[in-house]
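The following note is offered to a colleague who is meeting this structure for the first time. Please read the points alongside the sequence and the model.

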Amino acid sequence: PDSVEIASGMPSPDTVPYVSATFKCKDGSELHIDEETMKRITPYQKTRGMPDMIKWMTIIHKEFHNPPKMGAAEDGSQWGVTLCPGALGGMDYLFQEIMRKNDVVFLDEFAFGGTKKQVRKNRAVYVGLPMDGDGVIPDKLRDYLDRWEEVSLPFANGKKLNKPRVICMTPVGQNPTGVNTPLKRKQEIYKIAQEYNLLIVEDDPYYYLQYSETPIPSYQALDVDGRVVRIDSMSKFITPGIRMGWISGPEEIISNTSKHMSLSCMSLSCFTEIAVVKLFDNLGIQGLRDRVKYLRDFYRERRDTVEELVRKHLAGMATWTTPTAGMYLWLNISGTNDSMFLADKELCKKYKVYVVPALDFACDTTKKYSQIRICFARAPQSDLE
Ligand SMILES: Cc1ncc(COP(=O)(O)O)c(C=O)c1O
């Protein structure tokens, strides 16, 4: 042999019970993991991902985002990517890297509960930015930054809070509001981030569920400075149970983020990685484009069904903006300033319908809100009726 393997603390490959595997896909294809591949994938894997997986992440990024800084990745310096255990797991490692105690992070006014908890876990503070039908309002962001001393008082709890350095948003099919931020608005926010030297965290699991023929470009697609970190997820692209996401952006941040991951779960499961690699190898880039079209048409149809039903049954009782991406309808309930009563357990049980009130997502929980979130992704079309 070239060398005798007695250094690494790895078990003998002879003891691995698996020999090969085959995944059957809905389109009739079979993805086969042969004996040789199984031998290659069962030991510890690289934290940032198997080379074949990294290759696919890079191809997907080039196809859908083509970030200006990506060209530099080829010389290994400026843009990087790492796998992570879902967007939430990725956020955990990323936030460990970019947040310190008492830091302030800007979030969407209504935000995914996991994001709020991750900020708190790092003993940082979040402040929600007012939104309209196009997402975060640029003038408000500027105003908050300009008047920070004054604005931060209610959140400060007697402490002096530093000016935020990070703004974390979900710009596409936003959870919970369904808002899809247009390009012009993204450009305005990006310009402010440049002026005030903010890092943008683009937590964008619904990016690939935009219903229009041409999706709105991401923040990272606009990023000429290397100030955007994207969190992507396979949860809506394939399925949440596989726990795969990927984080991309300035190489230094990505590299440090993956170090946090290497100290906890080390890497994703080799089975997950190889199952996705095999799927993507089989689909090819055209197959991936077709899958995006499939998801787009699937969710647009669901949106149409739900909107028609809401129009029929809730006329005069609620208002809403038609979502153009994602899985959520944000209903503004008429005649009340507090939607909490609609989440009453007994009421939900009686009518066998469960909705989430706006308060569950609000960054400012001292106020009352009249909205509720409906997710139209999971219930079959017939149940929605
Ligand atoms: C905005 C947002 N970020 C992150 C996540 C978590 O995604 P994942 O399943 O990839 O951890 C979700 C899930 O609903 C989400 O809505």
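**Notes on the sheet and its helices**

1. Strand β3 and strand β11 (residues 245-250) run antiparallel and are joined by 6 bridges. Within this pairing, Trp79 has Pro250 in β11 as its bridge partner. The reader should keep in mind that the model is a predicted one.

2. The pair belongs to an open sheet of 7 strands, whose order is β3-β11-β10-β9-β8-β4-β5 and whose pairing is mixed. Because β3 (79-84) and β5 (125-129) stand at the edges with a single partner strand each, one side of each has no neighbour in the sheet. From one strand to the next, the twist averages 20 degrees.

3. Helix α3 (residues 86-98) lies across several strands of this sheet, namely β3, β8 (166-169), β9 (199-203), β10 (228-233) and β11. Relative to β10, helix α3 runs at about 155 degrees.

4. A second helix should be considered together with α3. Two packed helices are described by the angle between their axes and the distance between the axes. For α3 and helix α8 (residues 251-262), the angle is about 115 degrees and the axes are 8 Å apart. The crossing of α3 and α8 is right-handed.

5. Which residues of α3 and α8 meet? From α3 come Tyr93, Leu94, Gln96, Glu97 and Ile98, and from α8 come Ile253, Asn256, Thr257, His260 and Met261. By character, the residues of this contact of α3 with α8 comprise 5 nonpolar, 4 polar and 1 charged.

Terms used. Residues are numbered from 1 along each chain as its sequence is written. This is a predicted model: local features need pLDDT of at least 70, side-chain atom pairs count only at pLDDT 80 or more; totals for chains, interfaces and linings use all residues. Two strands pair if DSSP finds at least two bridges between them. Helices (H or I, at least four residues) and strands (E, at least two) are DSSP runs, numbered from the N terminus. Axes are lines fitted to C-alpha atoms, for helices over the stretch in contact, and angles run from 0 to 180 degrees between N-to-C directions. Two residues are in contact if their C-beta atoms, placed from the backbone, lie within 7 Å. A crossing is left-handed if the near helix is turned anticlockwise from the far one by less than a right angle, and right-handed if clockwise. Ala, Val, Leu, Ile, Met, Phe, Trp, Tyr, Cys and Pro count as nonpolar, Asp, Glu, Lys and Arg as charged, and the others, Gly among them, as polar.
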